[in-house]
Amino acid sequence: MVTAVDRVAARGGDEGAGATLLGAPARGRRRGPGPSPQWRALAGLSGCPGGEDGRGTRVREKPPWRVLFFGTDQFSREALRALHAARENKEEELIEKLEVVTVPSPSPKGLPVKQYAVQAQLPVYEWPDVGSGEYDVGVVASFGRLLSEALILKFPYGILNVHPSCLPRWRGPAPIIHTVLHGDTITGVTIMQIRPKRFDVGPILKQETIPVPPKSTAKELEVVLSRLGASMLISVLKNLPESLNNGRQQPTEGVTHAPKISARTSCIKWEEQTSEEIFRLHRAIGNIHFNSEMLMLFNPDSITDLWMDNTIKLLDLVEVNSSVLTDPKFTGQAVIPGSIIYHKQSQKLLVCCKDGWIGVRSVMLKKTLTATDFYNGYLHPWHQKNSQAHPSQCRFQTLRLPTKKRGEKIVAMQQCTK
């Protein structure tokens with residue numbers, strides 16, 4: 001789920017083992033004309049909803065629904081906005097009650113979903129608190145927590161998930177990022193039924209596909225898919241019992257996984273990656289604060305100590321015009337991948353990769369610097385101090401990161417060597 005969608009990491013949650021089936025019908029009660037139990041069989045759940053749930057509450061057969069929403073980020077905020085708009089639409093009577101569950105945030109304002117809920121004056125609970133009210137259906141969008149079977153069975157109609165991929169492709173917490181990172185040309189949204197213990201394996205209720213716009217960033221694609229997903233969610237809720245009863249199992253073929261993104265992912269391998277792969281990496285994770293950080297550990301024998309342990313971000317990557325590459329600097333010498341050359345005419349830093357060059361217009365090193373500022377402040381002094389050195393000796397050299405220890409945050413590193 002950049003999520004960012006892909007940006008919310010799946011850090012675990014309730015496993016559901018040994019959970020009490022809170023939504024199971026009371027023994028001996030005659031089952032009324034409620035929703036068909038077929039969806040629970042599809043979802044792999046025990047128990048069936050019947051005419052009354054386990055608390056003796058009559059199960060509604062049609063709207064308006066009482067909804068508990070689980071979400072965190074901008075993608076899920078759009079789904080919550082659509083639910084709130086439906087609740088405010090008294091003519092259609094689709095949503096009667098809407099409450100929100102989100103996760104803790106270090107920011108005082110909270111995550112986007114909490115900000116919206118507070119603004120809209122919706123009741124908000126902080127995970128693992130899920131309130132104690134009566135609900136018909138749960139809705140999850142980019143939540144990043146496993147939900148137990150006991151919690152799922154608390155809802156007569158189960159819990160729906162708005163997932164920004166064409167399942168079973170890109171199961172996991174970062175489907176949008178992996179869509180861009182791998183150069184997919186087709187993507188979409190799936191409304192599915194939550195299943196306990198595993199992410200994104202439940203039956204599909206609705207699925208729509210769209211082409212991925214050329215050179216789209218994950219952030220741009222998230223906006224498109226969030227709107228599509230919100231619209232699809234409302235469509236499913238309008239015909240909820242029918243949608244659940246017509247759910248279909250996911251295919252066993254074409255399964256791919258979209259694991260959470262770590263800083264290790266952003267470590268550019270100049271010798272191995274093509275310019276297209278680097279551009280896709282930038283479009284996929286360039287807006288994620290820790291993934292575009294690069295520690296430049298400069299050899300103190302070749303540059304001043306001021307460079308030591310300072311982080312640098314490549315902020316603005318651009319394609320290099322073919323006419324630039326006719327410069328003798330590029331044609332008259334062998335260049336090692338990772339080598340940095342400042343091109344005065346285009347005012348770009350040009351960095352060599354496996355199959356060519358990428359351009360960098362600006363970086364972040366303590367503060368934002370243009371390519372010209374970076375050259376004047378850092379690269380030019382290096383060349384002056386090392387006048388006998390070959391230009392390609394000042395380069396980005398991929399630093400192999402140590403194995404991540406549990407609970408340790410690793411940032412991507414680059415090294416400029418003599």
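## A tour that starts at strand β14

Select strands β13 (residues 348–352) and β14: they run antiparallel and are joined by four bridges. Keep in mind as you click around that this is a predicted model. Now add the link between the two strands, a hairpin that gets from β13 to β14 through four residues. For a landmark on this pair, pick L350, which stands opposite G359 in β14.

Next, go to the other neighbour of β14. Strand β11 (residues 317–318) is joined to β14 by two bridges, and these strands are antiparallel as well. Here the residue to label is V318, which stands opposite G359 in β14. So leave G359 highlighted: L350 faces this glycine from one strand, and V318 faces it from another.

While you're here, show the side chains of β14 (residues 357–360). Which residues point which way? W357 and G359 go one way, while I358 and V360 go the other. Colour them by burial and you'll find that all of them are buried.

Zoom out a little to take in the whole sheet. It is an open one of four strands, in the order β11-β14-β13-β12, with antiparallel pairing. Why do β11 and β12 (340–343) each have one side without a neighbour in the sheet? Both stand at the edges and have a single partner strand each, so one side is left unpaired in that sense.

**Over to the helices**

Hide the sheet and select helix α2 (residues 74–88) together with helix α6 (residues 218–238). Their axes are 8 Å apart, and the helices pack at an angle of about 35°. Turn the view until one lies over the other: the crossing of α2 past α6 is right-handed.

Now bring up the side chains at the contact. From α2, show Q74, F75, E78, A79, A82, L83 and A86; from α6, show E222, L225, S226, R227, A230, L233, I234 and L237. Sorted by class, that contact has ten nonpolar residues, two polar and three charged.

**Backbone oddities in the loops**

Most peptide bonds are trans, and most residues other than glycine have a negative phi. The next stops go against that.

Begin with P64, in the loop between α1 (38–43) and β2 (65–71). Look at the bond leading into this proline from P63: it is cis, with omega near 10°.

Then jump to the loop between β6 (159–163) and α5 (175–181), where P168 lies. The peptide bond from L167 to P168 is cis too, with omega near 15°. Stay in this loop, since W170 is found between β6 and α5 as well. Check the phi of W170, which is near 60°, a positive value in a residue that isn't glycine. Is W170 buried or exposed? With a relative accessible area of 5%, W170 is buried.

One more loop to visit: centre on D200, between β7 (186–193) and β8 (204–211). Phi of D200 is near 60°, again positive in a non-glycine residue. D200 counts as buried, at 6% relative accessibility.

**The full view**

Finish by showing the whole protein chain. Its secondary structure comes to ten helices and 18 strands. Of its 418 residues, 53% are buried. Switch on the surface and you're looking at about 19,100 Å² of exposed area, of which carbon and sulfur atoms supply 49%.

Terms used:
Residues are numbered from 1 along each chain as its sequence is written. This is a predicted model: local features need pLDDT of at least 70, side-chain atom pairs count only at pLDDT 80 or more; totals for chains, interfaces and linings use all residues. Side-chain values use heavy atoms; hydrogens and water are left out. Axes are lines fitted to C-alpha atoms, for helices over the stretch in contact, and angles run from 0 to 180 degrees between N-to-C directions. A crossing is left-handed if the near helix is turned anticlockwise from the far one by less than a right angle, and right-handed if clockwise. Contact means heavy atoms within 4.5 Å. Ala, Val, Leu, Ile, Met, Phe, Trp, Tyr, Cys and Pro count as nonpolar, Asp, Glu, Lys and Arg as charged, and the others, Gly among them, as polar. Buried means under 20% relative accessible area, exposed over 50%, partly exposed in between (1.4 Å probe, protein chains only). Two strands pair if DSSP finds at least two bridges between them. Accessible areas come from the Shrake-Rupley method with a 1.4 Å probe; for residues, only the protein chains shown count as cover.
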